[in-house]
Amino acid sequence: MTRPGEAAQWLAMVDLSTLSADFPAASESDWRALVAKTLKDAPFDSLTRTTAEGLPIRPLYESAPAPAAFPLRPHEAERPWDIRASLAHPDPARANADLLSDLEGGAASAVVRIDPMGEYGVAVGSAQDLARVLDGVLLELAPIALEAGFLGAKAADWLGAAAKGSPAALLNFHLDPLSAFAQAGESPGPIESHLISAATVAARLADSYPKAGLFLASGRVVHEAGGGEAGELAFMLAAALAYAKALVRAGLPLDQALGRIVLGLSADADYFVSLAKMRAARALWARISAACGVTAIARIEARSSHRMLTAQDAWTNMLRLTAAAFGAAVGGTDAVVLGAFTDALGHPTAFARRQARNTQLVLMEEAHLGRVADPAAGSGYVEALTDEIARAAWAQFQAIEAQGGLVNALTSGHVAAEAEKVRAGREAAGPPKIVGVTAFPPAKDAPVEVEHPPARLVSAPSTRLPGPDSRCPPLSPIRLAQAHEAAR
């Protein structure tokens, strides 16, 4: 009987290339001949599929001659990526308990969603409220990120106060007024003023917290509204450029401005598309930084897609979330925020939160996904998809910039129109195959346990800035299964 370790030692001594010596190499014509037997009279090209944005997915690819040229995720920590928990319970005390439990249970960091109304996040309206949420957390060891919308500039000061000026604090202020504007369809005062305010606060905090991320340039609002991968990346790039310009005007050098921006993307159940999108983001960011004459390594925070979740047969969301985490990790993401499988129904229980953590822990520590820097490198399919997504995203990014930047592209309706095209094309293609809803629906309901805490309204500073409100067609979030669940 082989003892532990002996198998690994044996494999280390074997020339693995000899194991396939008795199997002749198969040519493309050999593969086509096998496929032709099943296709009968149908042409080979009938197997070609497209993404929601019309990018082709061929049935057969040759090995790529070389992997995409972009800087890989730097391995600076013990873990290959950051397991990041999400806090949204309206009660600050309960949010603190969830945070401590997540950190003790394997998470390395957290993102705090702030909502003084207590409807979509933690009811935080002051530095004292946020300090209560972070009570017992060592900010030099556990990175804390924020999601505060138009309250972001004030929330950044609250987080800075919680860190007490420690230069070693691992903070991510995640200022992102453009996403808040795009989703809401309006801003309390001119959106340009919110950009200036956020950049002014960020520049002031930059010296005190040299390890902090200042802005989050996220394209997730496009994804959640039904848009495609290229549109999401284009929004991300345009937001990053707008934030970098604002930081430079606030006094930061360009290299620091780009280096202190975190890129935000979504990951869904199509793990090949997700990992190709993450790789495309690194290639695009390398091109942006090179065009600016600086070197800035992409830092990517991926969050699991909410639009892919189902309320019906919610247990199947575990499959979708696992696939999303796989795609994000293999694609080279720096931090992964994995939602709970019950998020389409209500606030997660302790079990649902543990499931979200453990899914990543198993992928990291048992499946060892982080052992290889870029495991998809050289795959003909993934390299082609990465390149196609990157090229389409660059073209859409150029179209946004041709309108004068992201603010103008939002207010003119250009961004919303592009997302609507993808959404309409997806609907025209017919009902999607959603396990548990349109495919293999359950014979009987298997309910899951969720929480429905009451909203907690707290007083908070006004987010209104002087001047007229800005408006744009909103990028309202959707859930792909919702219409089909309603029909049932």
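The expected span of a helix is taken as 1.5 Å times one less than its number of residues, and this yardstick is applied below to one helix of the predicted model. Helix H12, which runs over residues 317–330, has 14 residues and reaches 20 Å from its first C-alpha to its last, close to the 20 Å expected at 1.5 Å a residue.

The protein as a whole contains 17 helices and 12 strands. Its radius of gyration is 23 Å, close to the 23 Å that the globule rule gives for 488 residues, and the protein is therefore as compact as a globular protein of that length. The C-alpha trace spans about 70 × 60 × 55 Å along the principal axes, and buried residues account for 51% of the 488 residues. Of the contacts between residues at least 6 apart in sequence, 79% join residues that are at least 24 apart.

Within this fold, H12 is largely enclosed by the rest of the structure, because 10 of its 14 residues are buried, that is, under 20% relative accessible area. These buried residues include Asn317, Arg320 and Leu321, as well as Gly327 and Val330. Their cover includes three strands, E9 (261–267), E10 (300–304) and E11 (335–337), together with helices H11 (271–291) and H13 (350–365). Just after H12, Gly332 adopts a positive phi of about 95°.

At the surface, the protein exposes about 22,500 Å², of which carbon and sulfur atoms supply 57%. The protein carries 43 positive and 52 negative side chains, and the centres of these two sets lie 2 Å apart.

How values were computed: Residues are numbered from 1 along each chain as its sequence is written. This is a predicted model: local features need pLDDT of at least 70, side-chain atom pairs count only at pLDDT 80 or more; totals for chains, interfaces and linings use all residues. Side-chain values use heavy atoms; hydrogens and water are left out. Helices (H or I, at least four residues) and strands (E, at least two) are DSSP runs, numbered from the N terminus. The radius of gyration is taken over C-alpha atoms; the globule rule is 2.2 Å times the number of residues to the power 0.38. Buried means under 20% relative accessible area, exposed over 50%, partly exposed in between (1.4 Å probe, protein chains only). Contact means heavy atoms within 4.5 Å. Accessible areas come from the Shrake-Rupley method with a 1.4 Å probe; for residues, only the protein chains shown count as cover. Lys and Arg count as positive and Asp and Glu as negative; His and the chain ends are not counted. The place of a charge is taken as NZ of Lys, CZ of Arg, CG of Asp or CD of Glu.
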